[in-house]
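Here are a few short exercises to work through with the structure open beside you. Try each task before reading its solution.

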Amino acid sequence: MVNLVVEITHPPYGHENTFAGLYVALTSLAKGMNVTVIFHGDGAYTSLRGQSPEKKINVLSTERQIEDILALGGRVIAYRDALVHRGILKEEMIEGIEILDSPEIYDLMLENTDKVIVF
Amino acid sequence: MVTDDKKKLAIMLFSGPYGKQDADYMCRIAESALNRGYAVKIFLYGDGVHAQMNGQTPKSFLNIGDYLSELADMGAEIKSCSRCSGARGYVEGEFDEGLDRYPSSKAIDAVKIHTLYSFIDMIKDCDKIMTFGGV
């Protein structure tokens with residue numbers, strides 16, 4: 001089975017990247033792949049709980065996408081450093097997102113990943 | 001002709017044809033890969049679907065539409081996201097099973113407007129994947 005990493009480097013709104021990347025992750029899960037989403041850099045903002053873009057800017061919530069990815073068995077990870085740099089606390093994050101240190105993510109990327117797509 | 005023994009390269013283009021250099025770079029890499037015997041599959045996603053627009057006439061840049069057509073003639077399989085294409089006004093009807101694409105008079109023949117599932121198939125089947133314009 002293909003082990004796919006979808007790396008998100010943009011914040012959730014203002015660019016299409018995050019929505020598009022999570023959509024690829026969801027579709028890949030539906031096609032039977034092992035999928036891990038990793039929030040890197042400003043992508044860390046996507047891990048915040050309580051997003052409500054539908055009310056203000058009328059776009060789909062990336063929080064809903066993350067919940068769907070987790071429900072389908074996908075893994076969602078945020079770089080600890082990216083969270084710390086931006087002052088994002090664990091209690092502010094969507095439940096189910098794992099926080100990993102860089103060496104653990106390097107292990108994942110180098111030992112347990114076949115393909116990487118960056119958004 | 002694509003045969004099973006060829007190495008398979010999948011490419012995603014996420015940015016438009018001229019605002020950044022990604023499309024130009026992507027086409028050159030794809031051409032080089034084809035010349036080296038790779039089977040090349042390209043997926044246009046997000047603003048990358050604008051690379052499929054008919055009638056591009058850039059004055060100072062390489063014509064990306066023409067380049068994609070040349071790559072297709074060389075054997076590349078090129079598809080674009082139907083959802084992204086629909087959002088940007090390219091899709092003009094329901095999926096045509098016979099033509100294996102969504103109809104569009106605005107897109108070049110070399111590019112088939114298709115579902116995102118076709119990109120997922122490219123990811124699953126390829127030996128290598130490269131992304132352009134995603135960051």
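**Exercise 1.** Find how many positive and negative side chains chain A has, and how far apart the centres of the two sets lie.

*Solution.* Start by counting Lys and Arg as positive, and Asp and Glu as negative. In this predicted model, that gives chain A 10 positive and 17 negative side chains. Next, take the centre of each set: the two lie 5 Å apart. Now repeat the steps for chain B, where 16 positive and 19 negative charges have mean positions 5 Å apart.

**Exercise 2.** Write down the order of helices and strands in each chain, from the N terminus on.

*Solution.* Begin with the totals for chain A, 5 helices and 5 strands. Walking from the N terminus, you meet them as β-α-β-α-α-β-α-β-α-β. Chain B has 4 helices and 5 strands, and its elements run β-α-β-α-β-α-β-α-β.

**Exercise 3.** Why can chain B be said to agree with a compact globule?

*Solution.* First, take the expected value: a compact globule with 135 residues would have a radius of gyration near 14 Å. Then compare it with chain B, which has 14 Å, so the two agree. As a further step, look at burial: 48% of the 135 residues of chain B count as buried, meaning under 20% relative accessible area. Finally, turn to the contacts in chain B with a separation of 6 or more: residues 24 or more positions apart account for 74% of them.

Terms used. Residues are numbered from 1 along each chain as its sequence is written. Chains are lettered from A and ligands numbered from 1 in the order in which they are written. This is a predicted model: local features need pLDDT of at least 70, side-chain atom pairs count only at pLDDT 80 or more; totals for chains, interfaces and linings use all residues. Side-chain values use heavy atoms; hydrogens and water are left out. Helices (H or I, at least four residues) and strands (E, at least two) are DSSP runs, numbered from the N terminus. The place of a charge is taken as NZ of Lys, CZ of Arg, CG of Asp or CD of Glu. The radius of gyration is taken over C-alpha atoms; the globule rule is 2.2 Å times the number of residues to the power 0.38. Buried means under 20% relative accessible area, exposed over 50%, partly exposed in between (1.4 Å probe, protein chains only). Contact means heavy atoms within 4.5 Å.
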